[in-house]
Amino acid sequence: MNSNISNFLNGKFAPVALIKTNEKPEDVRAPKAGRGGCVMSFVAKTIAKRETTVFGRENATCGGIYPGFGWGSGFESDEDKAFQATFLSCGVDSAKDKGDYLKKLENRPERVKRMFSEGERIYTDFETAYGNISARPIYDSEDYVVFKALEDLEEGEIPDSVIFTVNAFELTLLLQLDGSHRVESNFVCVPQASACQLIGCFVFEQDEADDSHMVLGPVDLAARGHMRHFIPDDYVLLAMPWKLFLKLEKISENSLFQSSLFNELNI
């Protein structure tokens with residue numbers, strides 16, 4: 001698919017699509033089953049190198065990907081949820097039972113043990129982390145999620161999320177474009193959550209809304225660390241449901257992109 005918005009922006013990175021499906025594409029790059037790590041390194045490579053990537057329930061790489069990609073909550077018990085809330089806050093300092101928490105870390109690699117001991121500190125304390133985790137939008141549907149360049153979409157493929165990777169100026173243009181069709185002040189969603197969730201389940205949630213909005217991030221430093229080999233730190237991800245993308249595509253044909261102000265600034 002040729003995107004008008006992408007052509008007008010003419011940025012370093014073109015948009016990519018997230019597609020939920022029950023059919024695993026053949027000969028497509030995917031993480032190895034049982035291998036841990038952040039999926040955003042794969043997503044960042046798709047953005048930068050335009051290589052299609054597929055993720056399935058059988059090769060989920062971390063706990064956050066389950067809600068992120070619509071594979072349930074990822075928790076088999078409340079104990080599992082409490083463990084993640086402890087890690088996402090201040091680690092040992094947030095643990096209800098410090099001894100039990102440290103015991104669960106005993107057989108982990110030293111680097112991982114240190115990270116879990118300190119906590120990721122996305123949330124200020126256990127209660128805040130637990131509440132945010134409990135409020136995540138949860139879906140449980142297709143078995144696979146495919147990331148591919150928007151220009152590689154095949155006929156009949158309908159993405160669940162379209163993801164732009166933009167710098168500050170490009171972000172300004174997209175925000176103005178999205179605000180141009182609204183009577184009330186525009187806003188974007190900035191979830192205090194993992195990067196895979198902001199391009200996944202939080203966009204799925206916006207797709208269900210009558211008045212959909214864009215989702216901005218990532219705010220988690222772990223994802224930034226995994227993405228920075230392909231995407232500079234001064235870029236952000238701006239994701240939106242397919243229906244909002246199509247609306248903005250149409251609006252872009254008679255918008256700020258045709259103004260003399262844009263042409264003067266975009267020299």
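User: Which class fits arginine 121: buried, partly exposed or exposed?
Analyst: Buried means under 20% relative accessible area, exposed means over 50%, and partly exposed lies in between (1.4 Å probe, protein chains only). Arginine 121 has a relative accessible area of 49%. The residue is therefore partly exposed.

User: What kind of model is this, and what pLDDT do local features need?
Analyst: Residues are numbered from 1 along each chain as its sequence is written, and side-chain values use heavy atoms, leaving out hydrogens and water. The model is predicted: side-chain atom pairs count only at pLDDT 80 or more, totals for chains, interfaces and linings use all residues, and local features need pLDDT of at least 70.

User: Where is arginine 121, and what is its phi?
Analyst: Most residues other than glycine have a negative phi. Arginine 121 sits in the loop between H6 and H7; helices (H or I, at least four residues) and strands (E, at least two) are DSSP runs numbered from the N terminus. Its phi is positive, near 60 degrees.

User: Where does arginine 50 lie, and what is its phi?
Analyst: Arginine 50 is in the loop between helix H2 (40-49) and strand S2 (53-56). This residue other than glycine has a positive phi, near 65 degrees.

User: Which residues does a cis peptide bond join, and what is omega?
Analyst: Most peptide bonds are trans. Proline 218 lies in the loop between strand S5 (215-217) and helix H11 (221-227). The cis bond joins glycine 217 and proline 218, with omega about -5 degrees.

User: How do H4 and H7 cross, and what is the hand of the crossing?
Analyst: The axes, lines fitted to C-alpha atoms over the stretch in contact, come within 8 Å and cross at roughly 120 degrees, with angles run from 0 to 180 degrees between N-to-C directions. That makes H4 oblique to H7, because angles under 35 degrees count as roughly parallel, over 145 as roughly antiparallel, 65 to 115 as roughly perpendicular and the rest as oblique. A crossing is left-handed if the near helix is turned anticlockwise from the far one by less than a right angle, and right-handed if clockwise. H4 passes H7 in a crossing that is right-handed.

User: Which residues of H7 make the contact with H4?
Analyst: Contact means heavy atoms within 4.5 Å. H4 brings Asp78, Lys81, Ala82, Gln84, Ala85, Thr86 and Leu88. H7 brings Phe126, Ala129, Tyr130, Ile133 and Ser134.

User: What does glutamine 84 touch, and is it buried or exposed?
Analyst: Glutamine 84 is in helix H4 (residues 78-88). Leaving out residues up to four places away in sequence, it touches Gly63, Gly64, Phe75, Ile133 and Arg136. At a relative accessible area of 13%, glutamine 84 is buried.

User: Why is the pair of phenylalanine 83 and phenylalanine 116 called stacked, and how far apart are the two along the chain?
Analyst: Rings of Phe, Tyr and Trp (its six-membered ring) pair if their centres lie within 6.5 Å; planes under 30 degrees apart count as stacked, over 60 as edge-to-face and the rest as tilted. Here the centres are 5.8 Å apart and the planes lie at 25 degrees, so the pair is stacked. Phenylalanine 83 is in helix H4 and phenylalanine 116 in helix H6 (residues 110-118), a separation of 33 residues.

User: Which aromatic cluster includes phenylalanine 69?
Analyst: Phenylalanine 69 lies in the loop between helix H3 (65-68) and H4. It is buried, at 0% relative accessibility. Its cluster is Phe42, Phe55, Tyr66, Phe69, Trp71 and Phe147.
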